[in-house]
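I opened the notebook to look up folds, charges and surface patches in this one. My notes follow in the order I took them.

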Amino acid sequence: MNSTTIIIIAVVALILLIAIYIGATYNAFIRKRNSVDEAFATMDVYLKKRWDLIPNLVSTVKGYAKHEAETLEKVIAARNGGYNNLSDEEKIEANKEISKGIASINVVAEQYPDLKANQNFMNLQNQLNSTENDIANARKFYNAVVKLYNNKVQMFPSSIIASMFNFKAKQMFAVENTAEREAVKVEF
């Protein structure tokens with residue numbers, strides 16, 4: 001073989017290796033993006049469950065705390081709208097507001113001993129507590145999957161492929177302030 005043939009073979013081999021790397025990296029992005037979507041869908045189930053519990057909880061509390069309507073209306077306002085029509089980012093933001101509102105409901109409930117003894121209220125609070133635990137676990141899993149995806153998007157050399165195929169970093173599900181970082185208290 002002459003030197004021209006060796007150079008051509010080397011160039012073809014190099015191009016083939018680059019093509020294989022691009023294909024493998026692209027497929028890795030697809031797998032990771034699908035994992036992020038799956039993790040969000042799992043968390044979304046629990047967020048929707050909490051979303052659906054709120055009106056029942058608020059109506060139970062309203063029966064006991066008519067003059068606390070402003071606090072309860074803030075919770076309903078955060079929840080208003082069609083959940084299925086929200087984008088992923090809007091769902092995350094709406095549920096941050098609901099977390100604040102749930103804390104307010106618990107404060108109102110503490111002021112009414114009869115409410116805390118109400119079986120319907122206690123059942124709703126237990127369901128909400130269970131759902132909050134499910135959300136916390138799903139949030140941890142979602143954030144772990146997003147971290148892996150974002151690392152792949154942002155780290156060299158895969159960042160080159162990410163920019164070529166328009167893969168963008170995803171938003172983590174984070175709590176903004178210290179009051180929200182506290183666990184939702186379910187007291188009777």
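Before writing down a pattern, I settled what gets a label: helices (H or I, at least four residues) and strands (E, at least two) are DSSP runs, numbered from the N terminus. I also noted that this is a predicted model.

**Entry 1: the overall layout**

With that in hand, I read along the sequence and got α-α-α-α-α-α-α. The tally is seven helices and zero strands.

I then looked at burial and found that 34% of the 188 residues count as buried. The protein exposes about 11,000 Å², and carbon and sulfur atoms supply 57% of that area.

Next I checked contacts between residues with a separation of 6 or more. Residues 24 or more positions apart account for 80% of them.

**Entry 2: salt bridges**

How many salt bridges does the structure hold? I found three. As a reminder to myself, side chains of opposite charge can pair when their charged atoms come close.

I started with Lys 91, which forms a salt bridge with Asp 44, and the closest N and O atoms are 3.0 Å apart. Lys 91 lies in helix α3 and Asp 44 in helix α1, so this pair ties together parts that are 47 residues apart in sequence. Are these two buried or exposed? Lys 91 comes out at 7% relative accessibility and Asp 44 at 16%. Buried means under 20%, so both Lys 91 and Asp 44 count as buried.

I moved on to Glu 132 and Arg 50, whose side chains meet in a salt bridge at 2.8 Å, N to O. This pair links distant parts of the chain, with Glu 132 in helix α5 and Arg 50 in helix α1, 82 residues apart. Glu 132 is buried, with a relative accessible area of 13%. Arg 50 is buried as well, and its relative accessible area is 0%.

I finished with Lys 48 and Asp 52, which form a salt bridge with the closest N and O atoms 2.9 Å apart. Both residues lie in helix α1, four residues apart, about one turn of the helix. Lys 48 counts as partly exposed at 26% relative accessibility. Asp 52 is partly exposed too, at 35%.

**Entry 3: the negative patch**

Which residues form the negative surface patch? I wrote down Asp 37, Asp 88, Glu 89 and Glu 90. Helix α3, residues 88-110, gives the most to this patch, with three residues.

I picked out Glu 90 for a closer look, and it is found in helix α3. Its relative accessible area is 42%, so I logged Glu 90 as partly exposed. Patch members need over 30% relative accessible area and no salt bridge, and the 42% of Glu 90 fits the area part of that.

**Entry 4: the nonpolar patch**

I then turned to the nonpolar patch on the surface, made of Tyr 26, Phe 156, Ile 160, Met 164 and Phe 165. Together these five have about 520 Å² of accessible area.

Where is Tyr 26 found? I placed it in helix α1, residues 3-64. Tyr 26 has 31% relative accessibility, so it counts as partly exposed.

**Entry 5: spot checks on helices α1 and α5**

I looked up Val 61, whose place is in helix α1. Val 61 is at 0% relative accessibility, so it counts as buried. I paired it with Phe 121, which is 60 residues away along the chain, and the two C-alpha atoms are separated by 7.5 Å.

Next came Asn 143, in helix α5, residues 119-154. It has a relative accessible area of 17%, so I put Asn 143 down as buried. Leaving out residues up to four places away in sequence, Asn 143 touches Met 172 and Phe 173.

Last was Lys 140, also placed in helix α5. Lys 140 counts as exposed, at 57% relative accessibility. I took its C-alpha to C-alpha distance to Ala 39 and got 9.6 Å, with their positions 101 residues apart in sequence.

Note on methods. Residues numbered from 1 in each chain as written. Predicted model: local features only at pLDDT ≥ 70, side-chain atom pairs only at ≥ 80, totals over all residues. Heavy atoms only, no water. Patch = residues over 30% accessible without salt bridge, like charges linked within 9 Å, V, L, I, M, F, W, Y side chains within 5 Å. Areas by Shrake-Rupley, 256 points an atom, 1.4 Å probe, with all protein chains shown as cover. Salt bridge = Lys/Arg side-chain N within 4 Å of Asp/Glu carboxyl O. Lys, Arg positive; Asp, Glu negative; His and termini not counted. Charge placed at Lys NZ, Arg CZ, Asp CG, Glu CD. Buried < 20%, exposed > 50% of the residue type's maximum accessible area, 1.4 Å probe, protein only. Contact = heavy atoms within 4.5 Å.
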